[in-house]
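Got the viewer open? Here is a short tour, with something to select at each stop.

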Amino acid sequence: QVQLVESGGALVQTGGSLSLSCAGSAPAFNLNVLGWFRQSPGKGREIVATIGLGEASTYYADSVKGRFFITRVSAKNTMYLHMNDLKSEDTGVYFCNFISRWPDTPMSQTWGQGTEVTVSP
């Protein structure tokens with residue numbers, strides 16, 4: 001099973017920006033659709049954004065449209081989530097996973113440790 005490792009989480013102020021990374025390994029990383037999920041305090045895990053094999057195919061949850069941008073760099077086996085205009089409701093632990101069915105079905109039920117984002121007032 002390909003391991004995905006999330007990083008980049010931090011404490012940021014409302015309105016700030018932050019970029020998260022998800023690193024994997026070839027060849028599986030570049031042969032699959034990828035997604036970012038988050039679990040906010042008191043809530044279940046939800047999809048945030050999804051990216052296809054080509055960057056032209058993306059999906060965003062309504063709550064992050066226009067503020068978050070998902071990208072991937074095949075040469076680095078890395079996916080990114082660029083987050084702008086952060087709000088308190090963006091607080092949570094962010095996870096990445098392969099996507100088995102567009103746009104939000106995770107391929108694996110085994111999750112990494114995630115990376116924590118805290119947005120302060």
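Before we start clicking, one cut-off: a residue counts as buried when its relative accessible area is under 20%. By that rule R67, with a relative accessible area of 7%, is buried. Keep in mind as we go that this is a predicted model.

**Stop 1: the open sheet**

Select β1, β3, β8 and β7. These 4 strands make an open sheet, in the order β1-β3-β8-β7, and they pair in the antiparallel sense. At the edges stand β1 (5-7) and β7 (68-73); each has a single partner strand, so one side of each has no neighbour in the sheet. Look along the sheet and you can follow the twist, which averages 15° from one strand to the next.

Now hide the edges and keep β3 (residues 18-23) with β8 (residues 78-83). This antiparallel pair runs over 6 bridges. For a landmark, pick L18, whose bridge partner in β8 is M83.

**Stop 2: the disulfide**

Staying on β3, show C22 and then add C96. A disulfide joins the two, with an S to S distance of 2.1 Å. The link between C22 and C96 is right-handed, with 80° about the S-S bond. It connects distant parts of the chain, since C22 sits in strand β3 and C96 in strand β9, 74 residues apart. Buried or exposed, what is C22? C22 is buried, at a relative accessible area of 0%, and C96 is buried as well, at 3%. Don't go hunting for another one: a search of the whole structure finds 1 disulfide.

**Stop 3: around D90**

Next, the charged side chains. How many salt bridges does a search of the whole structure find? The count is 4. Centre the view on D90 and bring up R38: their side chains meet in a salt bridge at 2.9 Å, N to O. D90 belongs to the loop between β8 and β9 (92-101), while R38 is in strand β4 (residues 34-39), so this pair ties together parts that lie 52 residues apart in sequence. Both D90 and R38 are buried.

Leave D90 on screen and add R67. The side chains of D90 and R67 also meet in a salt bridge, this one at 2.8 Å, N to O. R67 is in the loop between β6 (58-60) and β7, and D90 in the loop between β8 and β9, so the pair ties together parts 23 residues apart in sequence. D90 has 0% relative accessibility and therefore counts as buried. Add E46 to finish the picture: R38, E46, R67 and D90 are linked in a network of salt bridges.

For a contrast in setting, jump to K65 and D62. They form a salt bridge too, with the closest N and O atoms 3.2 Å apart, but here both residues are exposed.

**Stop 4: the nonpolar cores**

Last stop: select W36, M79, L81, M83 and Y94. These have the most contacts inside the largest nonpolar core, which has 25 residues. M83 is a familiar face here, as the bridge partner of L18. Colour by element and you can see where this core comes from: β3, β4, β5 (45-51), β7, β8, β9 and β11 (115-120) each give two or more residues to it.

Then switch to F37, I47, F95 and I99. They are among the 5 residues of a second, separate core.

How values were computed
Residues are numbered from 1 along each chain as its sequence is written. This is a predicted model: local features need pLDDT of at least 70, side-chain atom pairs count only at pLDDT 80 or more; totals for chains, interfaces and linings use all residues. Side-chain values use heavy atoms; hydrogens and water are left out. Two strands pair if DSSP finds at least two bridges between them. Axes are lines fitted to C-alpha atoms, for helices over the stretch in contact, and angles run from 0 to 180 degrees between N-to-C directions. Buried means under 20% relative accessible area, exposed over 50%, partly exposed in between (1.4 Å probe, protein chains only). A disulfide is a pair of cysteine sulfur atoms within 2.5 Å. A nonpolar core is a set of buried Ala, Val, Leu, Ile, Met, Phe, Trp, Tyr and Cys residues joined through side-chain atoms within 4.5 Å.
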